[in-house]
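User: Could you take a close look at one part of this model for me? Please keep it brisk and explain each term as you go.

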Amino acid sequence: MRGSERQPTAYVFSQSVDEFLTPASDTPIQTIVQRPTTDGRRVRSEVVALDPPSPIKRARLQANIIEDHPVLTDDPLDFEPEGINGELYNMELGGFFPSFAETSTARKKRDPFKPSDLALHEFRALRDEYLREFLRLDGCGDASTEVCPGCDATDPSFRCRDCFGELLYCQACCVGMHNRNPLHRVERWDGRYFTPTSLKSLGLRIQFGHEDCSTPRSAHENFTVLDLNGIHEVAVQFCACERELEMGLSRIQLVRRRWFPATSDNPRTAFTFRLLDFFHTQTLQGKTTMYDFYTSLEKITDATGGALAKRYLEFLRSTREYRHLLMLKRGGRGHAPGGVYGTGPGDLAIRCPACPRPGVNLPEGWEDAPPESRFLYIIFLALDACFRLKRRLVSSELRDPGLGTGWAYFVEMEPYRQYLLTVTDQVEMSTCSGLAALDYANTKYSRGYSSTGPTGVGDLQKGERYANMDWIFASFLRWIHQRLRKVVSYDIVCQWYKQLKERLANLPPLVRLHIILLFFAFVIPKMHIHSHILACQLCFSLNLLPGAGQTDGEGIERPWANVGGVASSTREMGPGSRRDCLDDHWAFWNWCKLVGLAALLRKRLNNAKRESAAQTEAFEAFSLEQEERVQGWEEKAAAYEADPQNAENPYRITHPGMTEAQARLKLAEEEAEAVRKGMPALHDVSPSAFIFEGLELEDEQRRVRVQVELKKSGTTAQKIDVLALRRKLSRGITRFRKLQATYTPGALQALARREAPPDELAEDIPLMLPSALSAAERAAGCAATVEHVESLARDAQCSESLQRLRNQLHVKSRLFTYKANHARHQGANTRSQTLVARNESKIRLHSEKYQAAWRALGLLANGDLSKVGWRKLKREDVRMMEDPEELTKRQVLRKKQDARRKEKLDRIRAEEGALLGEDEGGIEGDGEEDEEMVVNPAENMRQVSWIWTMAQSHGTDAELEDALRIEWTKARARSKRWAEEVDLLEEEYRRLLVSFEYEAKQWEQRAKDIPVGEVEAAFGEGAIAYALKQAAMYRTLAQRATVTMTEVHQGRGRKRTKQPAVVDVSGGIRGESGGEDGGSDGEGGGSDDDGVGNVPSDEEYFMGGGEDDG
């Protein structure tokens, strides 16, 4: 009762002594099995007794007991799980535990009582100590408050927060100490606490020009300078004596002390170079906005919100000017005779050192290379649009011109703009693609923006119009050698490349081109191609293009992702500042890629060699099996590669299976022909219409069953919807029964003999199509043609449902990838799970439709399954195609796991033999132990499901011949692409070294070209020093690249050993690159889109083997 004293509750625990004793080795193991209830809302647990483990498992259990904590013998990691992918999913503990094969014998088990971060764990006990020291720093500490250590003056009261040490100095000493550090922060001790003050208030004057100036000129009294430690008001003096002309104007004197002036005439604000460098790195790497960075400086200066000088606009302007000057300096414009105004289009762009550049990194005579080596001199070009980089209608070209538009990555703006004014009535390109990018760009969301995304790089005004894309394409083609072969990837290239030659010839003279299509190949990137029709997938696939290697064509998407972090900032910028900002970020992206290119090439080369060997082995095995057909297939493939426009495409299905619509049309035409010949009709509804109406009712029953299951625990409104579906289905069945009286009266007799349950639902009522009747009932109680009609219709159902099933499984894999990579928090996960569940219902519908059609074909064939022509679809067959890259990684990991497992089992066998003794026979003949040597056989032998490779194979052998030819040709293409990838990567590495040496020589030549006697000595010295430093940097990059490509990879956590190699920059790598790395990613010559062995290429996810996608 409330207010009354509660009686203390006594808890009594009783335990048996047996619970603390080690159980006998033959004691059954108690485990818990959890099963969901029928409504799927609860989980029931029940205890299940398992048989005792084998001697091997007991020995393994004893070997894995943690020495420090022997009580924890029931650790889940000690059991060897068996299940999906060799891993045990434990619902109660909520995760996957690694299998026994993943446990290395050389590694000790992690102590569960040991903290993950030992230093942090130790810090917990020292917090009071650190806190006391923090508070101690707010007082004078050990510093004397009586005598100044600098001059023995009394009453020292000033200390510097940025100088080393905490001593107190008098005012004169404090000012004298900071002549070389004028931006340090000082504090004054008032007898109780320290208060911030400034060196300016103490009398410090910062002299520019030279120290012994006789007539200094004071700058503005409120001169402000921004540094990493805050915003400072300082007293500045410039040289105005007889050496003023030598020292330069005020802005020059500031720059020579690494202070950047905010204005050129009579500056009142400056920014230290180290501040601008720090912000530049922060915004490039971390995409920090100018506003956030400036606000941080204000907080560092005074976090209480005190009055500070507002220099935000000056900061915006100065950072823009500073990064532009850095780009000019790094582009060598300070060494060029023409200076800044001599800069030409693209002169400031950082070019890829691995791409082919005649006169730079290609050998002599590359134009006359033999046909089998010409692919080494292909340049891969990509076009795309980024609709995140919109810009609002703010400012204008007149008010905000760019500092260097057209000098780096953007096209020359004024000619581009003038050209677009002449094609304002042109509409955007149509597309067969299902991607949402174009739809999004051409909707209301693009209104109110002057730019809907740069592409290659130029601004779009509304959608991807031919005019925009043609100008941009022609603009960068001007800088590429005409005899280089070019592979152009674009997500809608199937539409854009039509009439491209004529359109380029009609462009303005600045970018007008007359291209030779023989030197061009047009492809669709590997990710985007899945959303195109089958014809596009066959004609524009990188997997089927000779010389493409493993290029994925998606390389342009990666800088889009990187620069997306500044989209919110550039949206509000003027046109010029936006282009300057994006040029700067793309230059940083290119530089980072250049620096990391050697490591990327090494990683991909190791992977390419491994994949090439696997693909070649699989292809040779396939060719050996089909030896009698290979010669003809090889001739067709070679002819198509030589002349793809006129030769027969060996990847195209020449005998495709019919869809339901095609089968229905064919039967309707046959019935119309019979009527023309005078054959009387049994009913106004033809036999084919009767059968297809029954099949539609069958489909509707399946849909209703799925809806019922999805809405089992739904709302009242959802249950009403199910009732409406059932009423509609019942009316359809009633109409169908009337037609059965004409075409299948035997079905009505069979229904009359059937005892129907009183509560039978509409979706469970048997329709009794001809396949549901026995052979005798069909012969006596069915019209002559309905059996043939259903057979053709069921065959079409198998073909179409199998193709749709493959499509939905491909969608499922993409949904899972998206959910894993992008769905965060409850809302996004719920939406993703909803999409997955919706897709699962479609997978079930298509699989059930195939199974029903297959069963019907078997019944119509009187049980002779050899006449069906389709394989039985089992539950385990309905699975996604293995991701090739993940499959490769798992295979490599599995080999290592198998080796570890074998080593550990051998050790345990030896220990078990010693424990049991020779007289007990050991364990060599124990069947159970022999079975233990099998390493997860189901996963180790798992192959791609037959649904991804199966084509219809009944009637004649034409369909089977088609399927075999296509699979062999694709295996041939995969083998060739991986072999090309190896050669391309080795050639790119050779070009990388040559390009670095070329850049080093260019900078050395710039140093030699400085007219030492004609320019100021200090300028000449600095220009030469910078040029030589750049040359040394490129040679250092070349040395690092050589080490990266030749060192033996020891694995993670092991010290690297360098293996020298002789590198001939004209002929490739001479020396063996040792070790193995992981898989590849991205595009540097390519990405890994093909799997291992006979795994179909990623392109086949959507192809599905049918030709009626479009």
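Analyst: **How the helices meet**

Helix 8 and helix 9 are oblique to each other. Four words describe such angles: under 35 degrees is roughly parallel, over 145 roughly antiparallel, 65 to 115 roughly perpendicular, and the rest oblique. Before going further, note that this is a predicted model, in which local features need pLDDT of at least 70 and side-chain atom pairs count only at pLDDT 80 or more, while totals for chains, interfaces and linings use all residues. Residues are numbered from 1 along each chain as its sequence is written, and side-chain values use heavy atoms, with hydrogens and water left out.

Now the pair itself. Helix 8 spans residues 290-301, and its axis lies 11 Å from that of helix 9, at an angle of about 120°. Axes are lines fitted to C-alpha atoms, for helices over the stretch in contact, and angles run from 0 to 180 degrees between N-to-C directions. Helices (H or I, at least four residues) and strands (E, at least two) are DSSP runs, numbered from the N terminus. The crossing of helix 8 and helix 9 is right-handed. A crossing is right-handed if the near helix is turned clockwise from the far one by less than a right angle, and left-handed if anticlockwise.

Which residues of helix 8 and helix 9 meet? Helix 8 brings Met290, Tyr291, Phe293 and Tyr294. Helix 9 brings Tyr312, Phe315, Leu316, Thr319 and Arg323. Contact here means heavy atoms within 4.5 Å. By class, these residues divide into seven nonpolar, one polar and one charged. Ala, Val, Leu, Ile, Met, Phe, Trp, Tyr, Cys and Pro count as nonpolar, Asp, Glu, Lys and Arg as charged, and the others, Gly among them, as polar.

Follow helix 9 to its next partner. Helix 9 (residues 312-330) and helix 18 (residues 575-595) have axes that come within 11 Å and cross at roughly 50°. That angle makes helix 9 oblique to helix 18. The crossing of helix 9 and helix 18 is left-handed. On the helix 9 side, the contact uses Arg320, Arg323 and Met327. Across from them, helix 18 offers Gly576, Ser577, Asp580, Cys581, Asp583, Asp584 and Ala587. The mix in this contact is three nonpolar, two polar and five charged residues. Arg323 appears in the contact with helix 8 and in the contact with helix 18.

Helix 18 also meets helix 7. Helix 7 (residues 273-286) packs against helix 18 at an angle of about 75°, with their axes 10 Å apart. That makes helix 7 roughly perpendicular to helix 18. His280, Thr283, Leu284 and Gln285 of helix 7 touch Asp584, His585 and Phe588 of helix 18. The classes here are two nonpolar, four polar and one charged. Asp584 is part of the contact with helix 7 and of the contact with helix 9.

What links helix 7 and helix 8 along the chain? A loop does, and Lys287 lies in that loop. Its phi is near 55°, a positive value in a residue other than glycine. Is Lys287 buried or exposed? At 15% relative accessibility, Lys287 counts as buried. Buried means under 20% relative accessible area, exposed over 50%, and partly exposed in between (1.4 Å probe, protein chains only).

Compare Lys299, which sits in helix 8. Lys299 is exposed, with a relative accessible area of 51%. The C-alpha atoms of Lys299 and Ile231 are separated by 9.7 Å, and these two residues are 68 apart along the chain.

Last, the setting. The protein chain has 33 helices and 21 strands. Of its 1110 residues, 43% count as buried. Among contacts between residues at least 6 apart in sequence, 73% join residues at least 24 apart.
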